[in-house]
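Dear colleague,

Please find below the structure that I am handing over to you, followed by an account of what was found in it. I should be grateful if you would read the text with the model open beside it.

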Amino acid sequence: MQKLIIIAAIVGFFGFFLALGAGYAYTWYDYETMREQPIAFDHKIHAGQLGVPCSDCHNAAAISRQATMPAVQKCASCHKAIQVRLEELIEFEIEKIEAEKEKIASDFADGKITAAERDNKLVKKDRELARKDRELDPVRRKNLQKIKEHVDKQEPIAWVRVHALPSHVYFSHKPHIKQNIECTTCHGRVEWMGIARQVAPLTMGWCVSCHKSRNAPHDCTTCHQ
Ligand code: HEC
Ligand code: HEC
Ligand code: HEC
Ligand code: HEC
Ligand code: HEC
């Protein structure tokens, strides 16, 4: 009987921490999960390496509730000009090589070249093709093609929302930006993120504790109107 109690105590002791850990992991995981986006947009490249300012793309943060998403024309301003053209150029070269392969086959059919000559030439062309294909990494190609389609159709990209407060909460970016609160204070180092994710809990306690510390209004109607 005594043994049983000791075992129960031990199991209970570790079980408690296990449950605590699981609970913590769950809540942590919950808001930091990354959401798959329709196009693999990368803040690390754009806001980090290229140094495009946040406000260039989320340009309403200072003047309205929403920070807003950039129009697809914004993406096109760089991508249509540089990459899609590069893409088209490579595709054009691939078509040219394919045509050359057909010419080699027809030259053989017409008896202009021998079978050995034909095989030799085809091997070379296939190597050229493989090189061009490698330049068109399939993932990259798919992403750039998607941008082009959206631009051509003038159709906005349906980004998946990462942050979403419940509808009974009133939040606006404007007063916060006006107080010179940096984007990083609430969003972390987005310029280091491959995929944008939520880093602050966005709970009532989180909002209220900052409001109290900065003497911002914190009566209920500030955030619940
Ligand atoms: C070249 C344009 C561009 C720049 C520059 C940029 N972003 Fe973004 N941002 C996007 C796009 C597109 C999305 C939607 C895709 C995604 O969530 O990754 C996004 C998503 C976000 C999200 C998640 C929004 C949500 O759904 O809740 C946050 C937060 C964010 N950006 C903050 C920033 C901050 C902070 C900076 C500056 C360090 C920045 N962004 C710079 C284009 C940009
Ligand atoms: C005081 C905290 C705070 C600051 C500072 C802040 N944000 Fe936000 N941001 C939020 C919250 C909270 C949400 C979710 C709003 C909602 O769900 O209605 C959000 C949502 C967003 C979104 C997605 C929805 C939208 O509004 O378009 C983007 C993009 C974004 N923020 C970008 C930025 C950028 C860029 C900056 C800096 C210029 C910035 N934020 C500064 C708290 C903040
Ligand atoms: C200031 C110019 C600029 C703007 C604006 C811009 N991009 Fe980019 N983007 C680049 C450059 C430069 C690269 C990196 C090129 C490379 O390495 O191939 C890149 C890379 C990418 C990639 C990765 C492609 C790859 O090589 O794997 C995607 C996807 C992408 N951008 C999507 C977008 C989307 C979506 C938008 C609009 C919200 C956007 N970009 C706006 C310049 C820009
Ligand atoms: C990092 C600190 C900080 C955080 C986090 C923060 N706020 Fe604020 N908030 C402020 C400051 C500072 C002001 C400006 C008060 C002023 O204009 O005097 C403000 C102003 C506001 C206002 C306008 C108040 C008014 O009547 O002028 C609203 C609404 C608001 N915040 C809601 C929220 C909500 C909702 C959240 C959480 C999702 C939040 N805030 C998170 C610091 C913060
Ligand atoms: C600075 C902003 C802010 C202030 C001030 C504020 N709240 Fe909230 N409140 C929030 C946010 C954000 C949420 C949603 C996130 C959450 O549930 O924690 C919320 C959620 C709630 C909820 C729903 C909780 C749930 O579980 O769904 C209630 C009820 C509530 N608040 C009541 C109040 C009351 C009463 C006051 C005044 C004493 C107050 N709030 C003041 C930001 C605020």
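**Two residues with positive phi**

Leu202 counts as partly exposed, because it has 16 C-beta neighbours inside 10 Å. This residue is placed in the loop between helix 8 and helix 9 (204–213). Although Leu202 is not a glycine, its phi is positive, at about 55°. Most residues other than glycine have a negative phi. Asn215, also not a glycine, likewise has a positive phi of about 55°. The loop that holds Asn215 runs between helix 9 and helix 10 (220–223). Asn215 has 7 C-beta neighbours inside 10 Å and therefore counts as exposed; the cut-off for that class is 12 or fewer.

**The model and its confidence**

Please bear in mind that this is a predicted model. The mean pLDDT of the protein chain is 84, and 83% of the residues reach 70 or more. Over residues 20–30, however, the pLDDT falls below 50, and this stretch makes zero contacts in the model beyond near neighbours in sequence.

**The chain as a whole**

The protein chain contains 10 helices and zero strands. Read from the N terminus, the order of elements is accordingly α-α-α-α-α-α-α-α-α-α. Of the 225 residues in the chain, 5% count as buried. Among contacts with a separation of 6 or more, 73% join residues that are 24 or more positions apart.

**Ligand 1**

Ligand 1 is surrounded by 21 residues, of which Cys54, Cys57, Val162, His163 and Cys183 are the closest. At least two residues of this shell come from each of helix 2, helix 3 and helix 8. By class, the shell around ligand 1 consists of 12 nonpolar, six polar and three charged residues.

**Ligand 2**

Around ligand 2 there are 20 residues, and the closest of them are Gln66, Ala67, His163, Cys183 and Cys186. Helix 3 (54–57), helix 7 (173–178) and helix 8 (183–187) are the elements that give two or more residues to this shell. Helix 8 provides the largest share, with four residues. The shell around ligand 2 has no charged residues; its members are 11 nonpolar and nine polar. His163 and Cys183 are listed among the closest residues for ligand 1 and again for ligand 2.

**Ligand 3**

The shell around ligand 3 comprises 17 residues, with Phe41, Cys75, Cys78, Arg140 and Asn143 coming nearest. Two or more residues are given to this shell by each of helix 2 (43–49), helix 4 (72–109) and helix 6 (138–153). Five residues come from helix 4, the largest share. In terms of class, 10 residues of the shell around ligand 3 are nonpolar, four are polar and three are charged. Two domains take part in this site: domain 2 (39–67 + 162–225) and domain 3 (70–158) each contribute at least three residues to the shell.

**Points to look at in the viewer**

Which elements would be a suitable place to begin at ligand 3, as those giving two or more residues to its shell? They are helix 2, helix 4 and helix 6. For the backbone, the loops holding Leu202 and Asn215 may be inspected in turn. Residues 20–30 should be read with their pLDDT of below 50 in mind.

With kind regards

Note on methods:
Residues are numbered from 1 along each chain as its sequence is written. Chains are lettered from A and ligands numbered from 1 in the order in which they are written. This is a predicted model: local features need pLDDT of at least 70, side-chain atom pairs count only at pLDDT 80 or more; totals for chains, interfaces and linings use all residues. A residue is near a molecule or strand if its C-beta atom, placed from the backbone, lies within 6 Å of it. Ala, Val, Leu, Ile, Met, Phe, Trp, Tyr, Cys and Pro count as nonpolar, Asp, Glu, Lys and Arg as charged, and the others, Gly among them, as polar. Domain bounds come from an automatic or database domain assignment. A residue is buried if 20 or more other C-beta atoms lie within 10 Å of its own, exposed if 12 or fewer, and partly exposed in between; C-beta atoms are placed from the backbone. Two residues are in contact if their C-beta atoms, placed from the backbone, lie within 7 Å. pLDDT is the predictor's confidence in each residue, from 0 to 100.
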